[in-house]
Amino acid sequence: MSSPQLQSHPFFNNLIFSKSPLFLPYFSTPIRNYNPKPNALSSSLQEFPPNALRRKTNPQCTVGFSLGVDLGSSRTGLALSKGFSVRPLTVLKLRGQKLELQLLDMADREEVDEFIIGIPKSWDGKETPQSNKVRSIAGRLAVRAAERGWRVYLQDEHGTSSEAAYRMINLGLNKSARQKTSDAYAAVILLERYFAMSGEDIEIVLPKQIDLQEKLRKGTPLDIDFSPEEFVD
């Protein structure tokens with residue numbers, strides 16, 4: 001649940017908050033220093049479950065791909081999950097509408113149906129001054145994404161930057177490479193955390209418009225080339 005101060009912001013009146021690519025080297029290491037207590041699933045997450053939760057409840061089901069987003073003041077790191085693998089994707093140096101449109105373009109290109117956006121929090125779980133800016137971007141993106149049947153979620157990103165630094169040192173990346181790719185590796189840690197918790201520690205950003213919620217319920221439109229049997233009378 002967002003704080004009263006955030007809910008009073010005029011932008012959030014239309015939203016409901018419920019609790020050229022560069023391919024980079026990657027290998028998996030254990031997630032450190034993150035052991036949140038599992039919470040009861042909100043009704044919104046039950047109605048609009050993330051891919052990680054769908055995979056947990058029904059391992060045989062087919063789920064879409066996930067795009068991890070580490071938002072910064074001038075750089076945005078992206079990571080991609082296809083199946084059980086997570087890898088760093090790229091770092092964007094865009095802001096505002098250009099950033100949002102590029103995120104949608106990347107999602108379309110990589111066949112993504114959900115965004116996992118990191119929200120800054122302190123060690124005790126409280127939101128920081130930067131959290132409001134992230135919610136604003138996530139809110140605008142959620143409206144655009146819902147038009148396509150794609151969902152937007154917020155995941156606690158506390159400690160992901162330090163974990164990313166640890167990961168890159170283990171990979172043997174030099175200082176210059178680490179500076180260029182740290183945001184993408186932070187997005188990797190974010191996605192790994194999301195899957196480790198089976199999506200139970202996230203918050204959906206849900207547009208209030210009923211028609212957009214209905215599009216989210218239907219999900220991404222099926223591609224007739226890949227699912228022709230769905231269209232046979």
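A residue counts as buried when its relative accessible area is under 20%, as exposed when that area is over 50%, and as partly exposed in between. That scale runs through this account of a predicted model.

Start with Glu-110. Its relative accessibility is 8%, so Glu-110 is buried. The partner is Lys-82, and the two form a salt bridge with the closest N and O atoms 3.3 Å apart. Lys-82 sits in strand 3, residues 76–82. Glu-110 lies in the loop between helix 4 (96–109) and strand 5 (112–119). The pair links distant parts of the chain, 28 residues apart. Lys-82 has a relative accessibility of 33%, so it counts as partly exposed. This bridge therefore joins a buried acid to a partly exposed base.

Now the whole chain. The protein has 233 residues, and 48% of them are buried. It contains eight helices and seven strands. About 12200 Å² is exposed, and carbon and sulfur atoms supply 52% of that area. The search of the whole structure turns up 14 salt bridges.

Move next to helices 6 and 7. Arg-167 belongs to helix 6, residues 160–171, and Glu-192 to helix 7, residues 175–196. These two residues form a salt bridge, with 2.8 Å between the closest N and O atoms. They are 25 residues apart, and the pair again links distant parts of the chain. How buried or exposed are the partners, Arg-167 and Glu-192? Arg-167 has 1% relative accessibility and is therefore buried. Glu-192 stands at 10%, so it is buried too. Both ends of this bridge fall under the 20% cut-off.

Finish at helices 2 and 8. The side chains of Arg-217 and Glu-47 meet in a salt bridge, 2.5 Å from N to O. Arg-217 is in helix 8 (residues 210–218), while Glu-47 is in helix 2 (residues 43–47). The two are 170 residues apart, so this contact ties together distant parts of the chain. Arg-217 has a relative accessibility of 39%, which places it in the partly exposed class. Glu-47 has a relative accessible area of 42% and is partly exposed as well. Both values lie between the 20% and 50% limits, so neither residue counts as buried or exposed. The bridge is also part of something wider. Glu-47, Glu-214 and Arg-217 are linked in a network of salt bridges.

Key
Residues numbered from 1 in each chain as written. Predicted model: local features only at pLDDT ≥ 70, side-chain atom pairs only at ≥ 80, totals over all residues. Heavy atoms only, no water. Salt bridge = Lys/Arg side-chain N within 4 Å of Asp/Glu carboxyl O. Helix = DSSP H or I, 4+ residues; strand = E, 2+ residues; numbered from the N terminus. Buried < 20%, exposed > 50% of the residue type's maximum accessible area, 1.4 Å probe, protein only. Areas by Shrake-Rupley, 256 points an atom, 1.4 Å probe, with all protein chains shown as cover.
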